[in-house]
Amino acid sequence: MNFNIVEMDDLTGRMAHIYSILPEGEEFTLLEQFFEEIKQYKKESTTIIEKLTIMGNETGCRRGYFKHYEGALGDGVAALSVGCIRLYCLYFDKTAVFFGSGGYKPPEVHAYQEVPELGEKAQQMKEIAKKINDAIKEKDIVIEDDGSLTINYWDNESD
């Protein structure tokens, strides 16, 4: 999957930078697609937007807001949960988070792998995390102390 990283200006604030992924050939980021897909869950959708806005402007992206270890050990894949809605992301620290997509996880289901659509979204975030983590290790992407990005060179083409 080829993609670009897009800062979500409406959610970014003085405390944290909120990013999403724009897949090649797509018009909308994964975060924008996520909100379109869960629009029937108005209360949860509104709560997630409020949480993201608070993170960006007031509190930063505190570790306790997220369910960690949703991917491989140490890859940073986490989930923001509101009710039965899961939003997968790549968590770095309180100043920068990269959001992908997610969806509905029924209350009787214990693991996202039991819901094919949700499993696909989590797997997609794992693949994105690997590419971003590799680029950070190579210093192609640098996350500054304030959460802003410096992209030196990044070949985001699929292997």
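A hairpin of two residues leads from strand E4 to strand E5, where strands (E, at least two residues) and helices (H or I, at least four residues) are DSSP runs numbered from the N terminus. The model is predicted, so local features need pLDDT of at least 70 and side-chain atom pairs count only at pLDDT 80 or more, while totals for chains, interfaces and linings use all residues. Residues are numbered from 1 along each chain as its sequence is written, and side-chain values use heavy atoms, with hydrogens and water left out.

**The sheet**

Strands of a sheet pair through backbone hydrogen bonds, either parallel or antiparallel. Here five strands form an open sheet with mixed pairing, in the order E1-E2-E5-E4-E3, and two strands are said to pair if DSSP finds at least two bridges between them. Strand E1 (3-7) and strand E3 (77-82) stand at the edges with a single partner strand each, so one side of each has no neighbour in the sheet. The table lists three of the pairings with their bridges.

| Strands | Bridges | Direction | One facing pair |
|---|---|---|---|
| E1 and E2 | five bridges | antiparallel | glutamate 7 and tyrosine 19 |
| E2 and E5 | four bridges | parallel | histidine 17 and alanine 96 |
| E4 and E5 | seven bridges | antiparallel | leucine 87 and glycine 102 |

Strand E5 is mostly covered, with eight of its nine residues buried, and buried means under 20% relative accessible area, whereas exposed means over 50% and partly exposed lies in between (1.4 Å probe, protein chains only).

Helix H2 (residues 42-59) lies across E2, E3, E4 and E5 and runs at about 125° to E3; axes are lines fitted to C-alpha atoms, for helices over the stretch in contact, and angles run from 0 to 180 degrees between N-to-C directions.

**Arginine 86**

Which strand holds arginine 86? This residue belongs to strand E4 (residues 85-93). Arginine 86 is buried yet has no salt bridge, and glutamate 70, the nearest side chain of opposite charge, is 6.2 Å away; a salt bridge needs a side-chain nitrogen of Lys or Arg within 4 Å of a carboxyl oxygen of Asp or Glu. Lys and Arg count as positive and Asp and Glu as negative, while His and the chain ends are not counted.

The side chain of arginine 86 makes a polar contact of 3.3 Å with that of serine 81, and reaches the backbone oxygen of glycine 83 at 2.9 Å. A polar contact is a pair of N or O atoms within 3.5 Å; within protein, one must be able to donate a hydrogen and the other to accept it, and residues adjacent in sequence count only if both atoms are side-chain atoms.

Note on methods: Contact means heavy atoms within 4.5 Å.
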